[in-house]
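Work through the three exercises below with the model open. Each task is followed by a stepwise solution.

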Amino acid sequence: MKFDTLIIGGGLAGLTCAIRLQKQGVCCAVVSTGQSALHFSSGSFDLMGYNESHEVIENPTEVVRTLSEGHPYRKLGDRFTEYACAARDLLTECGVEVKGDARKNHFRYTPMGNLRPTWLTFSELATAENVTAYPVGKILIANFAGFLDFNTNFITGVLTRNGAKCAHATIHVKAVEHLRINPTEMRAANIAKALEAEDVLSEVIRQINLYSEGYDYVVLPAVFGFKTPNVVKQLHKGIKVKILLFPTMPPSVPGVRAQTALVAAFERAGGIFMPGDTVRRAVVENGRVIEVFTENHGNEALRAKNFVLASGHFFSGGLRATISHIEEPVFGADVDYAEGRENWYNGDVNRPHNYQSFGVHTDDRFRAASQGKTIENLYVVGSALGGARSLEEGSGAGVSMLSALCVADEIMKGGTK
């Protein structure tokens, strides 16, 4: 099989690049091994939340030039803000409703109830304008019976310390409680599927209205709207007090919905999405990738003019660590990492770890190299890139989307045939 561009990895970075290209007439295929990071997200897309001193960044667009030379954002240069705006537009066009602006971080809630700076948040989730803007007044925190991935005690503690008066309520509906027969089924995504039924949602709304009379707010887990945000809109319409939806522990219902929407947008544009497949090896000749072979396609090669590596970091297998070195397993691309295993981590688990910034070495066009020589048609996007400390600086989604948009433009500049 032959394509204009083959993208390895079906997460946020891979799909962003694929959608951008496919909508411009570039024939793309995406090989996706499994669930993406969107399934584990807390409902927001981070751009740049903290500086090196772990101080909150108010305007991400003003700090890009202060980053180290190796950071992926530095390769975007003056295009940083342009791509940040384009990324939001892409999400909106794909039916992913978000709020936020690249020029001013707002604050999202974590599953524990704390506030962290972020760039974009799914529209239905509660947010705050600053780190101290917690809701005050009488707050009811409601949860479904037996749902352990929404810790009401932690949330109560945070809100109470910040001036609220909190109480708890338990929602009992048969369609959800049936999931408790098998403890592994009592997860956010499965609850959300049960709540798609109109009669079940109506019963939930009835109980919340009963319990929340006299309160200023009701806090609920974000387990509504598995397929579309319409369920969330019905919830807001039916409940009499102001609703604050807080994210749960993974899986993330809004994240799963966003992943589904992005895949659907890519396929509507004519792209080919190959789920449950893994690229095992590649053929590279004279500084160019010729073809790759996957688990499902066996000896049938997948060929393309350009290849995009969006396989992620260690968590998703995009990088692999041995006792002595770190490698990129498909193309054997050069990886930037510290020599000596003792320099990969910090003895204090609460301190920054160097391995977070390890990644595939690229030139200023995000092209990979092998043994110091550029692979002309192999681009790298997302968390596979070196130079960013996504966890501590809060930049994961931004690096994924902005590098993906930049690479798509690089590919289009070079032609597709």
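**Exercise 1. Characterise the second largest pocket: what is its volume, and which residues line it?**

Step 1. The second largest pocket of this predicted model has a volume of about 640 Å³.

Step 2. Its lining consists of 29 residues, and E52, G387, R389, E392 and E393 are the closest to the pocket centre.

Step 3. Assign the lining to elements. Helix 9 (residues 390–393) gives the largest share, three residues.

Step 4. Sort the lining by class. There are 14 polar, eight nonpolar and seven charged residues.

**Exercise 2. Describe how helix 2 and helix 10 pack: at what angle, and through which residues?**

Step 1. Take the axes of helix 2 (residues 80–93) and helix 10 (residues 396–413). They lie 9 Å apart, at an angle of about 100°.

Step 2. Classify the angle. Values of 65 to 115 degrees count as roughly perpendicular, so helix 2 and helix 10 are roughly perpendicular to each other.

Step 3. List the contact. Helix 2 supplies F80, Y83, A84, A86, A87, L90 and L91. Helix 10 supplies M401, L402, L405, C406 and D409.

Step 4. Sort these residues by class. Eleven are nonpolar, one is charged and none is polar.

**Exercise 3. Place S403: is this residue buried or exposed, and what does S403 contact?**

Step 1. Locate S403. The residue lies in helix 10.

Step 2. Apply the cut-off. Buried means under 20% relative accessible area. S403 has 3%, so S403 is buried.

Step 3. Find the contacts, leaving aside neighbours within four places in sequence. S403 touches F366, V381, G382, L385 and G398.

Step 4. Check one pair. S403 and V381 are 22 residues apart in sequence, yet 5.4 Å apart in space, C-alpha to C-alpha.

Methods. Residues numbered from 1 in each chain as written. Predicted model: local features only at pLDDT ≥ 70, side-chain atom pairs only at ≥ 80, totals over all residues. Heavy atoms only, no water. 1 Å grid on protein atoms, 1.4 Å probe; cavity = no way out; pocket = protein on both sides within 12 Å on 5 of 7 lines; lining within 4 Å. Points joined across faces, edges and corners; volume = space filled by probe spheres on them. Helix = DSSP H or I, 4+ residues; strand = E, 2+ residues; numbered from the N terminus. Nonpolar A, V, L, I, M, F, W, Y, C, P; charged D, E, K, R; others polar. Axes fitted to C-alpha atoms, helices over the stretch in contact; angles between N-to-C directions. Parallel < 35°, antiparallel > 145°, perpendicular 65-115°, else oblique. Contact = heavy atoms within 4.5 Å. Buried < 20%, exposed > 50% of the residue type's maximum accessible area, 1.4 Å probe, protein only.
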